[in-house]
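Ready to practise reading a protein model? Take a look at the sequence and structure, then try each exercise before you read its solution.

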Amino acid sequence: MHRLRRACALLALGTLAVLTACSASSTPEDSPAGTAQDESAATTGTGTPADQNPVINDDFPDPDVLEVDGVYYAYATNGNNQNVRVARSTDLVTWEQLGDALPELPSWVIPGKTWAPEVSAVGDGYVLYFTATNYQPTLQCIGTAVSTSPEGPFEVVGEGMLVCPEDEGGAIDAATFLDEDGTHYLLWKNDGNCCGLDTWLHLAPLATDGLSLDGPATRLVKQDQEWEGNLVEAPTLVERDGTYVLLYSANDYGGAGYAVGYATADAVTGPYTKDPEPLLASIGPSAEYVGPGGQDIVTGPDGQDYVVFHSWQGGTSYRGLNVLPLSWEEGSAGGDDPGVTPEVEGFD
């Protein structure tokens, strides 16, 4: 049934990709941030997250979720005059939107494009990895900020970006992963589609304080599937039952062609094998979830894993926050090796 649903998704995706072919750029310069449908401080609901989607019916794209002592903090791309949006919840269903988590940007950042935040607990505090436009070189790159509270306010660290590869088009979409041996990693995408280059997902170890890299970067995967268009981005890495599962978003963020795929590996640095089909994709012309992407994985208060992702609402007016249960099946993306693969429940 799962394979049939995904086959239908691919057929629909091909049709929708034609409809969105004119919007080829993945750079959200025209992001509708600030076009929220509901700017009230809280989104409330009852029942399971799947019953309430979008659980944040407001512009809340590229979500990252961090759990601290039973409270979930969700961070999102800039909007509503905030550089980094943050909301909190105890059940993943009812969310209270808070103030700007990164109210001040440094002089070496061009304001207006603070995207895809990632917050990680490091030592006694928290490190925020953010994407913003660097002055020189003028590229999207990844900076760091710190706070003693997951709610912020975070203060930018240093006088420059942490990751800013000029010859690769810059870097965006930071994510972190803590391996079983205690090694803390940073993942990102080189923003090659900005300038006709490949887009790779990278992985590099972080120093103990999380504020510098502690080794060379390893390239994990790049765009090579038809459904991915000209880019992969937004990495999310988890380990389940000895299998490293790398989720990522791909294609044009601005329409129904955007989707989520995954790859698996036996070692954190790979090699990773992709499932050739997307895990989350727009299904049919009346799809409930249009252009799903920017995903994260979090374990809920019930012990169940959930995938958190945005999708377009009101046509392509804004991207709301959704939560769906995630389970793990035996198998591998390549189909020949033991391991686990993700299965999203209730995705229509």
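Below are four exercises, each with a worked solution.

This is a predicted model, in which local features need pLDDT of at least 70, side-chain atom pairs count only at pLDDT 80 or more, and totals for chains, interfaces and linings use all residues. Residues are numbered from 1 along each chain as its sequence is written, and side-chain values use heavy atoms, with hydrogens and water left out.

**Exercise 1. Two open sheets**

Find the strand order of the open sheet that contains E6, and say which strands stand at its edges.

Step 1: Learn the terms. Strands (E, at least two residues) and helices (H or I, at least four) are DSSP runs, numbered from the N terminus. Two strands pair if DSSP finds at least two bridges between them.

Step 2: Read the order. The 4 strands follow each other as E6-E7-E8-E9, and their pairing is antiparallel.

Step 3: Look at the ends. E6 (109–122) and E9 (155–156) each have a single partner strand, so one side of each is left without a neighbour in the sheet.

Step 4: Zoom in on one pair. E7 (residues 125–134) and E8 (residues 140–147) are joined by 8 bridges, and Thr131 stands opposite Ile142 in E8.

Step 5: Try another open sheet. Its 4 strands have the order E10-E11-E12-E13, with antiparallel pairing. At its edges are E10 and E13 (218–222), each pairing on one side only. Between E12 (residues 200–205) and E13 there are 4 bridges, and Leu201 faces Val221 in E13.

**Exercise 2. A residue in a loop**

Decide whether Val163 is buried or exposed, and list what it touches.

Step 1: Locate Val163 in the loop between E9 and strand E10 (171–178).

Step 2: Check its accessible area. Buried means under 20% relative accessible area, exposed over 50%, and partly exposed in between (1.4 Å probe, protein chains only). At 6%, Val163 is buried.

Step 3: Collect its contacts (heavy atoms within 4.5 Å). Leaving out residues up to four places away in sequence, Val163 touches Cys141, Ile142, Ala171, Leu186, Trp188 and Leu213.

**Exercise 3. Unusual backbone**

Find two cis peptide bonds and two positive phi values in residues other than glycine.

Step 1: Recall the background. Most residues other than glycine have a negative phi, and most peptide bonds are trans.

Step 2: Look before the prolines. The bond from Asn53 to Pro54 is cis, with omega near -5°, and Pro54 lies in the loop between helix H2 (49–52) and strand E2 (64–68). Gly270 and Pro271 are also joined by a cis bond, with omega about 10°.

Step 3: Look at phi. Asp62 has a positive phi of about 55° and is buried, at 16%. Asp173 sits in strand E10, where its phi is near 65°; Asp173 is buried too, at 9%.

**Exercise 4. The largest pocket**

Describe the volume and lining of the largest pocket.

Step 1: Define it. On a 1 Å grid over the protein atoms alone, a pocket is an open set of points where a 1.4 Å probe fits, with protein on both sides within 12 Å along at least five of seven lines; lining residues have an atom within 4 Å of a point. Grid points are joined across faces, edges and corners, and the volume is the space filled by probe spheres set on the points.

Step 2: Read the volume, about 970 Å³.

Step 3: Describe the lining. Of its 44 residues, Asp64, Glu118, Thr176, Asp296 and Ile297 lie nearest the centre. The largest share, 8 residues, comes from E14.
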